[in-house]
Amino acid sequence: MSQNPDPLIRTLQSRQPLCWHNTRLAPFAQARADCPFDADDVAAAAARLQRFAPCIRALFPETDTGVIESPLRRTPTLQQHANGAGELWVKCDGELPISGSVKARGGIYEVLCHAEEVALRHGVLANTEDDYAKLAAAPARAVFSQYCIAVGSTGNLGLSIGMMAAKLGFQAAVHMSADAQDWKKRLLREAGAQVFEYAGDYGAAVAAGRQLAENDPQTYFVDDEQSSRLFLGYAVAGERLKAQLDTAGVAVSRERPLYVYLPCGVGGAPGGIAFGLKLVFGDAVRCVFVEPVDVPCMLLGVYTGKHEQISVRDIGLSGETLADGLAVARPSGLVGRAVGRMIEAFVTVADKDLLQWLARAHRDEGLKLEPSACAGLAAWQHFAEDDAVHIVWATGGGMMPDGVFADYLAQA
């Protein structure tokens, strides 16, 4: 490919890690106009999750209260060894119940939205004030079994949707790209989901799943590239993180800002979380998206303004990475347009650095992370201010088999 005249594009083509401070960044009071959602939408999502708590508690007793949430941990040893300033915390979404990744937020939420619709339509629920524990019982399963929930995924979204759908009694179909890990496919099949495998990338799996769903009126397709429900399920994390920081006695302000580092694939999870955080903290929170050097799709989409109309392959990048959850060549246009002016910066990282941080996080803090979950750790030192709070969103790894994790440690 010929040399691009744009210096940033040339750096992306060289696969050198970089940090791009978003020149399109705007105050949240202005940028929020770009987003088709508002605080009421996020509050409605939070209320729906609360309605489902009795059902989730019945299906997954390990959740205790029926609330799917992860711990926030201070990581002083990791911070000391990384020589970074400020106060470093890790949001451990790899420990989320049910599917062990950030996708348990948006993915499970979208399954619950569809389950609620079906249950109301068939009279399993009289109304939204009814007892949602009914949805874990046999009559509900008999109704749900008539329907299928499908999704295209590189791994973690498929896990969250497939496992939750199957547990409720739906037929579950997960269309997985070549990047998906074998152990994730195995867990899905063990849960009762049907797994379709494709030699192509994430985009090919999504396209195939979408087409099959369009031909079956009983199938509901979760479209990671365009789903408002996924986005809002992730956005609920903003208020929840605020509550955890309050409990820990951590104050955030413009004088003491909060930096949050979010691994980014197609953009749904980091985009929804970023919007939720902005609703809570406004301009006191600074969200940073982190992508592999070979797959910086959201950076490319926002920087060029082309969003889903451009792929990393258009500039000669492979789209391949060890971080399977981030192996998406073309970004979500919905997310890029909704939050593009809310993102402080975009950082790209090399696979070898992800592995080094995986090993360091395990050695220093006992964390078990998959490579994509380490992206934020590779980025936070770009913004290590003395008087700031830094949160690395560790997006997955809790369900990873010990043997697979040992292989990553050996590679590092």
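**Exercise 1.** How many residues of domain 1 are in contact with residues of domain 2 in this predicted model?

*Solution.* Start with the split: domain 1 covers 7-99 + 234-411, and domain 2 covers 102-222. Next, look for contacts, taking heavy atoms within 4.5 Å as the cut-off. That gives 40 residues of domain 1 touching 35 residues of domain 2. As for the C-alpha centres of the two domains, they sit 24 Å apart.

**Exercise 2.** Work out how much area domain 1 and domain 2 bury between them, and which residues of domain 1 lose the most.

*Solution.* The two domains bury about 3,300 Å² between them. Of that, 65% is on carbon and sulfur atoms. Now zoom in on domain 1: Phe 52, Tyr 234 and Asp 324 lose the most area to domain 2. Together these three make up 20% of what that side buries.

**Exercise 3.** Find the salt bridges and polar contacts across the interface of domain 1 and domain 2.

*Solution.* Go for the salt bridges to begin with: there are 6 across the interface. For a worked pair, try Glu 69 and Arg 105, whose closest N and O atoms are 2.7 Å apart. Since the cut-off is 4 Å, this pair counts as a salt bridge. Then turn to polar contacts, which link 11 residue pairs across the interface.

**Exercise 4.** Which helix gives the most residues to the side of domain 1 that touches domain 2?

*Solution.* List the helices supplying at least two residues each: α3 (39-51), α4 (53-59), α12 (237-247), α13 (268-281) and α17 (402-411). The winner is α4, with 5 residues. Finally, sort the residues of that side by type: 27 are nonpolar, 4 polar and 9 charged.

Terms used: Residues are numbered from 1 along each chain as its sequence is written. This is a predicted model: local features need pLDDT of at least 70, side-chain atom pairs count only at pLDDT 80 or more; totals for chains, interfaces and linings use all residues. Side-chain values use heavy atoms; hydrogens and water are left out. Domain bounds come from an automatic or database domain assignment. Buried area is the accessible area (1.4 Å probe) that two parts lose on being put together, summed over both. A salt bridge is a side-chain nitrogen of Lys or Arg within 4 Å of a carboxyl oxygen of Asp or Glu. A polar contact is a pair of N or O atoms within 3.5 Å; within protein, one must be able to donate a hydrogen and the other to accept it, and residues adjacent in sequence count only if both atoms are side-chain atoms. Helices (H or I, at least four residues) and strands (E, at least two) are DSSP runs, numbered from the N terminus. Ala, Val, Leu, Ile, Met, Phe, Trp, Tyr, Cys and Pro count as nonpolar, Asp, Glu, Lys and Arg as charged, and the others, Gly among them, as polar.
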